[in-house]
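Me: I would be grateful for a close look at a single part of the structure shown below. Please set that part in its surroundings as you go.

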Amino acid sequence: MSTIDSSQIPTLAAPRRPEGRLTFWQFLRAVRENTLTIYAPEDFSEDIIAQRLLWRRRFIINEPGAVRHVLLDNAGNYVKSELSRRLLEPGLGRGLLTSEGETWRSHRRIMAPAFDLRSVVGYAPIMTEVAKGLLAQWDALPDASDIDVAAAMMHTTLNIISRAMFSSDSDEIVDVVERGVGQYQKTVRPGLLDLLRFPAWLTRLLSPRRATGVFDEFDKSVDRLLSTRGRAPDAEPKDLLARLIAARDSETDSGMTTKEVRDQVVTIFMAGHETTAQALAWTWYLLSQHPAAEAKLHDELTTVLEGRTPRHDDLANLRYTRMVIEESMRLYPPAHTMARESIVTDEVLGHRIPAGATVLIVPWLLHRKPSIWENPHRFDPERFSPERALVRPRFAYIPFGAGQRICIGAAFAMTEAILILATIAQRYRLHLKPGHPVEPQGLITLRPRHGLRMTLERRQI
């Protein structure tokens, strides 16, 4: 049973969807402006939703066993969708998010050591150092100042990944990437020609306003760094960039080309700061609406940390802090949709999936399915207590994906989110600014459309 008083349960922010069945043009607009608004309330309860867009077939998979089938058991039959590649490759290139086959497998093996437990432990001091830097900025503000916490979390996680990636070179990259990522989210929107899989050249001709060139400034900065490190490799810091340059595939002993390193770097920046930032932003929103859960978080931080900066070895004792993050990512999963495409005909839940069909796995729906989650639209971190998590289907909760393509940075992201939340929540409470509109917007990631204006309150400890 839920431990949160039902009399204090607020209505959580939800996408603003037109009533009733969407028209064709409403559907197209929703896909471009906020993909979460294409789903009707009854869709949360479905196991599979079969749709047709003119001659194109697509299936939304919303049942844990079927999710396992697509992402694990028969994963070889489901590749990244053509639409995903069209939208992401112009900016990200062929990184882990977009590559397939042996290229993907080789690069995954090359990069895995940079995200193993020992590496994440080494990154933890960077995470808390940056979080303390944000606290110093807030300490300098007048009492009851209001800030956009979504922007603050974005800047914080970007600083962390840039310091881990570039070490002392990081400062020159932060502003460049921040501009590029913001522009990319605004620019990368699918159109009808994309959804119908018209040739890419025709789509570019008729819809020239694409993301190509958004990261030109970033590319120039990376090229300078790669060139500098190539001239004096022994003198450079042993950061993530150095590890990628030097790494070799354990099976083939091959390394990555300069272009491949570049593609992995920009992918790590996008996936390595954007998703964690959104998870934290929604966490602050949820805590502001649930004072009982916030108080329980504060009690744990006081007991475990006693006012000091958290360390990696505190994670095992920050159980409720982790549960808060996990529940936040259930309700507002940063990676809200995963798109695949079938290679050959398959059958899922009694439905024939033809070759070339689009298959969507939507954590936004799956994480709120009433048959899996009691009171699914309620914020209740206790769902992730060990005893309750044990009886839940394995593929019911997939904030980092699942199967062989599960996010390589999942441990990094969870460590980062917990350490940032623990560091900041010891010193500040954040209150949603009265009247500020909160609307989840499904673009590449799940963002608050209007940011999150919140008022800072210094805690009395």
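Which residues are buried in helix α4 (residues 101-111)?

Reply: The model is a predicted one, and what follows should be read in that light. In helix α4, which spans residues 101-111, the buried residues are W104, S106, H107, R108, I110 and M111. Their cover includes two other helices, α11 (240-246) and α12 (258-289).

The loop between α11 and α12 also deserves attention, since S250 has its place there. S250 and I110 are 140 residues apart in sequence, but their C-alpha atoms lie 7.1 Å apart in space. The two residues contrast in exposure: I110 is among the buried residues of α4, whereas S250 is exposed, with a relative accessible area of 66%. The cut-off for the exposed class is 50%, so S250 falls within that class.

Charged side chains form a further part of the picture. The structure holds 25 salt bridges. Salt bridges that share partners join E102, R105, R109, D249 and E251 into one network. Of these, E102, R105 and R109 fall within the residue range of α4, 101-111, and none of the three is listed among the buried residues of that helix.

Helix α12, which is part of the cover of α4, has a salt bridge of its own. K259 pairs with D263, and their closest N and O atoms are 2.7 Å apart. Both residues belong to α12; because they are 4 residues apart in that helix, about one helical turn separates them. D263 has a relative accessibility of 3% and therefore counts as buried, the limit for that class being under 20%.

Two other salt bridges may be set beside this one. K433 forms a salt bridge with D146, with 3.8 Å between the closest N and O atoms. This pair links distant parts of the chain: K433 lies in the loop between β9 (428-432) and β10 (440-442), D146 lies in strand β4 (residues 146-148), and the two are 287 residues apart. Both partners count as partly exposed, K433 at 34% relative accessibility and D146 at 29%. In the other pair, D313 forms a salt bridge with R311, the closest N and O atoms being 3.3 Å apart. D313 is exposed, with a relative accessible area of 53%, while R311 counts as partly exposed at 42% relative accessibility.

Strands provide a setting of another kind. Strand β1 (residues 48-53) and strand β2 (residues 56-61) pair in the antiparallel sense over 6 bridges. I49 has I60 as its bridge partner in β2. The two strands form a hairpin with 2 residues between them, and L54 in the turn has a positive phi of about 55°.

The chain as a whole gives the wider context for α4. The chain has 17 helices and 12 strands, and 57% of its 461 residues count as buried. Among contacts in the chain with a separation of 6 or more, 76% are made by residues 24 or more positions apart. The chain exposes about 20,200 Å², of which carbon and sulfur atoms supply 52%.

Notes. Residues are numbered from 1 along each chain as its sequence is written. This is a predicted model: local features need pLDDT of at least 70, side-chain atom pairs count only at pLDDT 80 or more; totals for chains, interfaces and linings use all residues. Side-chain values use heavy atoms; hydrogens and water are left out. Buried means under 20% relative accessible area, exposed over 50%, partly exposed in between (1.4 Å probe, protein chains only). Contact means heavy atoms within 4.5 Å. Accessible areas come from the Shrake-Rupley method with a 1.4 Å probe; for residues, only the protein chains shown count as cover. A salt bridge is a side-chain nitrogen of Lys or Arg within 4 Å of a carboxyl oxygen of Asp or Glu. Two strands pair if DSSP finds at least two bridges between them.
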